[in-house]
Amino acid sequence: MNMQAIDNRTLAYYATHAEAIFERYEQVAQSGVAAHFSNAFLPGSKVLDVGAGSGRDLRELLNHGFDAYGAEPVAELREIAIAKHPHLQGRLFEGSLPSGVTSYQKYDGVLCSAVLMHLPHNQLFDAILALRDLLVEQGRLLISIPAARPDIDEQHRDPEGRLFNPITPEQLKLLCKRLAFDCISEHVSDDALGRAGTSWHTLLFVRRSAIGKPLDRIESVLRNDRKSATYKLALLRAFCDVAEQDDHAVDWNPNGTIAIPVMRIAELWLAYYWPLIATPELIPQSNAETKGTSYISFRTHLSSLISDASVHFGIADRSGQALFSVFMLTWKAGKLPKPISQQLQRTLKKIRHAIITGPVKFASGGDMFAHDKASDRIVVEADLWLEFCLTGYWVRDSLIMRWAELCRQFGATLPHVTIGRVLERLLVKPDVAREQSIARKIYLNSPDLRCVWSEKALTTTNMDVDHALPYSLWQNNDLWNLLPSHKRINNQKRDQIPSNALLLDAMDRIIDNWQFVHSAEPELFEFEVTRTLGEFSPRYWEKPLFDHMKRKAEVAVFQRGAVVWGFG
């Protein structure tokens, strides 16, 4: 699969300024990561430098006696490096992460210095997989990532437009751990080019003999399963989302399996496919759709539902976020008119049938999932489910990219079907501001409105609606996750996770706010809590919901390496 590699703007910068970049690096005798070569790789090892740039580290590896090679995506840098240092001919070749460095050769060591931060976030999982596949068992992987850069804007770009996606050492170690790497050393160093405020983390990993069998099976479906439609990717995406958001929808069986209601998966599919089917031009979801011989089984039903909603809500733009947002919010609040509600149920039944007869039956040769007719649930082994819980955050990003690439393959003869266009549709979410505005209106009617974290008095001018568990991590816009905060405090918190101590200190204030919101919007609040906890018990929901919030905060810290925030 020829997935887009390093961010295009970043590549363009390096290509345009190749000569200046080469000269800048030539002026520095040794990079910061080079100091670790002797300890990282065994003498005489065959080592690949992924993202070799000017070839400086590649030359240093050769000077250390390693059988070294380099992969670099920017042709201009490769040409200059070979012209200036002819002995690199035959050792420096084209290649980029995540899919452009596949090789029948295996290496004893791989260097990946100052590369991963240039990758879009949705390619990190595949990038680490690619690096793993280059290594022999017990091979060494040396990675460097920026520890701090003071010149990065809110879009994670430097003044030259290069992408610098934030990756913490904790996040990297957690992901690598799941993909059969053990971190055996870690160092922090200053910038070799002397840039003020810039420092680097260097981490050394060793590849274990194999990743766990459950993750192997997920990876096999992503990489190897034949895909005549997007259904398998949609099912895996749904499992990732349930693992992250709706774990109370899962039943644990005594025979070592878990079960998820098929209709819960169907509801998620409706949200995935709505933006794809709402477009005026065809974005094919199967090979047959491009040929016009047949269409995915629920396309007609979902298209009718979108049309009905467009008429009812008076929103002409069927493909826009506004219609999607209003429909989803009205559905959650239980306020859809009867005709639309009936069409929704017909659509969900069609989707349910597609799930059972398609990916459940055929994914991984039919031995990954099963359908229990008595309970109408999808059954998987508990070990496989645990892998979704542990790695779903990264797997989901990878499979969304693969979904976009698959649509592009289906629509190869359709000029409007590009990876960027499909990604845009796959990432459409209900408008966050719409439900935030509901929460804001409710809170502004509170007789004693105060910041949930600082207890400062709030007014219309200094109040923000804060995602207690950051939206960037959980994509959760439920009313229970929207709390009143002082603007200054919210700006301090940003995408950080409230500490356990802070949550416990704020518990009574959080629950008071929940009770106030519940009294104002009972149907919507109860729907969202039921989806979160599996049920809504009128007499006892506050403590279970708070425990859920606290647990999700802990998961964000220990499984994803999120930064802890403690007010005060």
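Two residues count as being in contact when they have heavy atoms within 4.5 Å of each other. In this predicted model, 72% of the contacts between residues at least 6 apart in sequence join residues at least 24 apart.

The secondary structure of the protein amounts to 23 helices and 15 strands. With a radius of gyration of 25 Å, close to the 24 Å that the globule rule gives for 568 residues, the protein is as compact as a globular protein of that length. Some further values for the whole protein are collected here.

| Property of the protein | Value |
|---|---|
| Span of the C-alpha trace along the principal axes | about 75 × 60 × 50 Å |
| Exposed area | about 23800 Å² |
| Distance between the mean positions of the positive and negative charges | 4 Å |

Carbon and sulfur atoms supply 50% of the exposed area, and the charges comprise 64 positive and 67 negative ones. Of the 568 residues, 57% count as buried, a label that requires under 20% relative accessible area.

Helix α6, residues 124-134, offers a local case of burial: 10 of its 11 residues are buried, so the helix is largely enclosed by the rest of the structure. The buried residues of α6 include Leu124, Phe125, Ile128, Leu129, Leu131 and Leu134, and among them are also the charged residues Asp126 and Arg132.

An unreviewed UniProt entry lists residues 457-498 as "domain: HNH nuclease". In the model, this span is 26% helix and 29% strand, and its end C-alpha atoms lie 20 Å apart.

Definitions and conventions: Residues numbered from 1 in each chain as written. Predicted model: local features only at pLDDT ≥ 70, side-chain atom pairs only at ≥ 80, totals over all residues. Heavy atoms only, no water. UniProt positions renumbered as here; feature names shortened; annotations may be inferred. Helix = DSSP H or I, 4+ residues; strand = E, 2+ residues; numbered from the N terminus. Rg over C-alpha atoms; globule rule 2.2 N^0.38 Å. Buried < 20%, exposed > 50% of the residue type's maximum accessible area, 1.4 Å probe, protein only. Areas by Shrake-Rupley, 256 points an atom, 1.4 Å probe, with all protein chains shown as cover. Charge placed at Lys NZ, Arg CZ, Asp CG, Glu CD.
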